[in-house]
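Good morning, everyone, and thank you for making room for this in the meeting. Please have the sequence and the structure open while I talk, and turn the view whenever I name a residue.

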Amino acid sequence: MGPRITASADVSPTARIGDGTVVWHLAQVREDALLGENCIIGRGAYVGPAVRIGDNCKLQNYALVYEPAVLEDGVFVGPAVVFTNDYFPRAVRPDGTLKTGDDWRAVGVACRTGASIGARSVCVAPVTIGRWAMVAAGSVVTKDVPDFALVAGVPARRIRWVGKAGVPLEQEASGTWVCPQTHDRYTERDDGTLTEAESEPAIDSTETRSEVSINAGPPPAAASRR
């Protein structure tokens, strides 16, 4: 199944759109942009030249993703979110003449796997949103966001940790956090970052049965039937 592009969308012939991706009304996808499979590009959204978007991403209505942004798999970009690309924006040079593309260097926003950006947030490039991190609606992100962090405010600051389900984590013990929905556990490191807790090694049931039979001694004699 190929992509679905509505008649009113403006998609460059040099853009590459993955199978199952839907580009809705009035959206614009510029030249050489790369969109993965099963993405949703909402009404009026903008994807700049050579922007790269992974599989299973959602760009909600009127989100503006300027080049050279990179979105990994499973990224959510809420309505009216803006990814900037010019840290010192000016329309003109000091002499008053109009600036061209040669007068500035574009810088981008990178969103790692599973990250979510809430409605009307602004990400001021260059900045990286970590894996499974969440940016609250209306925030202005000016610094890198760690993996699994929930940030909010202007400028955005970390207020909680979140898991892959997007639900705020609850502290179980010092340095250990748990998701109330999935029960997955996470470990907070000394450097202030969060990682998925290492799972305990699986028990070999065959080995366990052998140990039980060895430790249990010989089986009891069968009762004689009368």
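I would like to begin with one atom pair, in which a polar atom of the side chain of Thr21 lies 3.3 Å from the backbone nitrogen of Asn38. The side chain of Thr21 also reaches a second backbone nitrogen, that of Cys39, at 3.0 Å. Before I go on, please keep in mind that what you are looking at is a predicted model.

Where does Thr21 lie along the chain? Thr21 is in the loop between β3, residues 16-17, and β4, residues 22-23. Is Thr21 buried or exposed? Thr21 has a relative accessibility of 0%, and because anything under 20% is called buried, Thr21 counts as buried. If we leave aside the neighbours within four places in sequence, Thr21 is in contact with Pro3 and Arg4, and also with Leu35, Gly36, Glu37, Asn38 and Cys39.

Some of those names come back when we look at Ile53, which touches Leu34, Leu35, Gly36, Cys39, Val47, Leu59 and Leu71, again without counting residues up to four places away in sequence. Ile53 belongs to the largest nonpolar core, which has 46 residues, and the members that touch the most others are Val47, Ile53, Leu71, Phe83, Cys111 and Ile129. The elements that give two or more residues to this core are β15 (109-111), β18 (127-129) and β21 (149-152). As general background, nonpolar side chains in soluble globular proteins tend to be buried together.

Let me step back to the whole chain, which comes to one helix and 26 strands. Of its 226 residues, 34% count as buried. Among contacts between residues at least 6 apart in sequence, 16% join residues at least 24 apart.

Now please turn to Thr193, in the loop between β25 (185-188) and β26 (194-196). Thr193 has a relative accessible area of 27%, and because this falls between 20% and 50%, Thr193 is described as partly exposed. A polar contact of 2.7 Å joins its side chain to that of Asp191, and, not counting residues up to four places away in sequence, Thr193 touches Trp161, Thr187 and Glu188. Thr193 and Phe148 are 45 residues apart in sequence, while their C-alpha atoms are 8.5 Å apart in space.

Next comes the backbone, where most residues other than glycine have a negative phi and most peptide bonds are trans. Which peptide bonds here are cis? One joins Ala125 and Pro126, with omega about 0°, and another runs from Val154 to Pro155, with omega near -5°. Pro126 is found in the loop between β17 (122-123) and β18, whereas Pro155 lies in the loop between β21 and β22 (157-161). A positive phi appears at Ala80, near 65°, and at His183, near 70°. Ala80 is partly exposed at 24% relative accessibility, and His183 is exposed, with a relative accessible area of 54%.

Pro155 leads me to my last stop, since Pro155 is one of the residues that line the largest pocket, among them also Val141, Asp144 and Arg158. That pocket has a volume of about 160 Å³, and its lining divides into six nonpolar residues, one polar and four charged.

How values were computed: Residues numbered from 1 in each chain as written. Predicted model: local features only at pLDDT ≥ 70, side-chain atom pairs only at ≥ 80, totals over all residues. Heavy atoms only, no water. Core = buried A, V, L, I, M, F, W, Y, C linked by side-chain atoms within 4.5 Å. Buried < 20%, exposed > 50% of the residue type's maximum accessible area, 1.4 Å probe, protein only. Helix = DSSP H or I, 4+ residues; strand = E, 2+ residues; numbered from the N terminus. Contact = heavy atoms within 4.5 Å. 1 Å grid on protein atoms, 1.4 Å probe; cavity = no way out; pocket = protein on both sides within 12 Å on 5 of 7 lines; lining within 4 Å. Points joined across faces, edges and corners; volume = space filled by probe spheres on them. Nonpolar A, V, L, I, M, F, W, Y, C, P; charged D, E, K, R; others polar. Polar contact = N/O pair within 3.5 Å; in protein donor to acceptor, adjacent residues only side chain to side chain.
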